[in-house]
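Open the model in your viewer and keep the selection tool ready. We will go from stop to stop.

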Amino acid sequence: MTTDPTIPENRAIGLHTTGKIRPHQTQNEALVFEKSSPGKRAYKLPPLDVPAVDPATLLGTALREKGAELPELSEIEIVRHFTRLSTWNYAIDLGMYPLGSCTMKYNPRVNEAVARIEGLAEAHPYRPDSLAQGILEVIDLLQRCLIEITGMDAITLQPAAGAHGEFTGILLVRAWHELQGNPRRRVLIPDSAHGTNPATAAICGYTVENLKSNPEGGIDLEALAAQVDSETAALMLTNPSTIGVFESQIHKIAGILHAKGALLYMDGANMNALVGKARPGDFGVDVMHLNLHKTFSTPHGGGGPGSGPVACKAFLEPFLPIPVLVRNPQMHRAPSFPLLSAERVGDQEPQPASLSWSYDRPQSIGRVRAFYGNTGMFIRALAYILANGPDGLRQTTEDAVLNANYIRDKLQNIYELPYKTASMHEVVFSDKRQAARGVKTGDIAKRLIDYGFHPYTVSFPMIVHGALMIEPTESESLEELDLFIAAMRAIAREVEEMPELVKTAPHSTRVSRLDEVQAARKPILRWAPPAVPPIAR
Ligand SMILES: Cc1ncc(COP(=O)(O)O)c(C=O)c1O
């Protein structure tokens, strides 16, 4: 493809007969299978110094008839291939990543340093509790920090993502209602909620009932009071909502629900706007989840895995997933680092464990994940919390909100602001003004790539037509925010003066605009050797 003489830049520089005409960051890269040539190797084994074994004798009928068609390349070809691919990724380590609703904040290096401490990194889930006290202390401390931050009474770290946390939380709600004699039938969800909320309610067996937001982006209390009845199991409230608005009436909302025996679930994935400032446990929330991979700086966006702890009030604690970490008050703490002493672990008398996993929970909803959760993420999140301390966490929240409002202030005379209510951690514009010139939010987002930024979130939330959802997080400096604002202003000017440029963006990437519908509907996910007819799709 790089030799295609119809590409103007190829003709211009007269290089259409060579295979390389662009710097590697913008050059396309063949698949590793396409680069393969028979016989190439990235390794060389020493001559056999043990008797040869005939695989057919050893494996019998399990022997495959034909060798696997693996790519054959030299070491440097493999290294270059994957290194080039890695340079195609946009990352928070390269620049601002204002993907609204995702809190793409910087993942501090201290998290990584701590997560690589051998005793933590190599803790095995099958290790007996008595020999795992170090990692159990980490888990326990994180639990206590998160309980303090949320103002709740109990927590499970098991869920592996935000949506998984929602699922766990609504199962707790269901279990509690079942114990009252009726699991109830409906879950109320405002139209400003995250999309995973209705999916969660449905998968837990509830009918989803929509609540329409009022003009300020909040919940209409009268409409809510009219809708809650004895079949309402819970309201799932994303707070701050996906339009970045804090639900200031939340305590009254809790009162309306509780009066009818319904519970308040808070989607706390947007806690980056609240940590150190307000605690859901203090404003009536019964159960909530957190996204460690958003608020607490663990890797996210292709770099996971995630973690979606669920915190709840004491009355829901008996239903938490097993196992639950318990501290045995009668026993003494085992030495944290027995390997530093002269004795080896195996030589020691078995130490009574001060922390252990309890499975004796008759009302538990059961396990929601293998083992204990994504432990590596617990270590990183705790490192982040301890490195910041209470003041640092509060400052982080203030900076995240300040950054979003700085962008709002600098762009609101150029892009339409559908909700005028104060913004928290993110600001949502609409493309109304640009759409009048035929340019949509998706076009502006693609053009942003040419300016060196990751796009904001496009066309979400659904309650804003043509949404541009921008979440800078606290990670960005004033200088980076100003660059982003300048890019957004420049694009708005382009929309006025040369809309086609924006509608056909990006122009600086390896591939130009992709057919997203085709990519979503008919993805080609498998490479097939050329000799084999393509698999019917
Ligand atoms: C508000 C909100 N709720 C729930 C989720 C779901 O989290 P996850 O993607 O980890 O399942 C997200 C994800 O970004 C979110 O922003």
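How many residues of the shell around the ligand are nonpolar, polar and charged? Select the shell and colour it by class. Three residues are nonpolar, nine are polar and three are charged.

This is a predicted model, so colour the chain by pLDDT, the predictor's confidence in each residue. The chain averages a pLDDT of 91, and 90% of the residues score at least 70. Now select residues 1-6. Here the pLDDT is below 50, and this stretch has 17 contacts in the model beyond near neighbours in sequence. Go on to residues 332-346. Their pLDDT stays under 50 as well, with 16 contacts beyond four places in sequence. Where pLDDT is low, the predicted coordinates should not be read in detail.

Next, centre on the ligand. It is surrounded by 15 residues. Ser 101, Gly 162, Asp 267, His 293 and Lys 294 are the closest.

Which atoms of Ser 101 and Ala 163 should you look at? Stay with the backbone. In Ser 101, a backbone N or O atom lies 2.8 Å from an oxygen atom of the ligand. In Ala 163, a backbone N or O atom also lies 2.8 Å from a ligand oxygen atom. For His 293, show the side chain: one of its polar atoms is 2.6 Å from an oxygen atom of the ligand.

Switch on the surface. The ligand taken alone exposes 380 Å², and the protein buries 85% of that.

Last stop: the helices. Helix H7 (162-180) and helix H11 (292-295) are the elements that give two or more residues to the shell. H7 provides the largest share, three residues.

Technical notes:
Residues are numbered from 1 along each chain as its sequence is written. This is a predicted model: local features need pLDDT of at least 70, side-chain atom pairs count only at pLDDT 80 or more; totals for chains, interfaces and linings use all residues. Side-chain values use heavy atoms; hydrogens and water are left out. pLDDT is the predictor's confidence in each residue, from 0 to 100. Contact means heavy atoms within 4.5 Å. A residue is near a molecule or strand if one of its heavy atoms lies within 4 Å of it. A polar contact is a pair of N or O atoms within 3.5 Å; within protein, one must be able to donate a hydrogen and the other to accept it, and residues adjacent in sequence count only if both atoms are side-chain atoms. Accessible areas come from the Shrake-Rupley method with a 1.4 Å probe; for residues, only the protein chains shown count as cover. Helices (H or I, at least four residues) and strands (E, at least two) are DSSP runs, numbered from the N terminus. Ala, Val, Leu, Ile, Met, Phe, Trp, Tyr, Cys and Pro count as nonpolar, Asp, Glu, Lys and Arg as charged, and the others, Gly among them, as polar.
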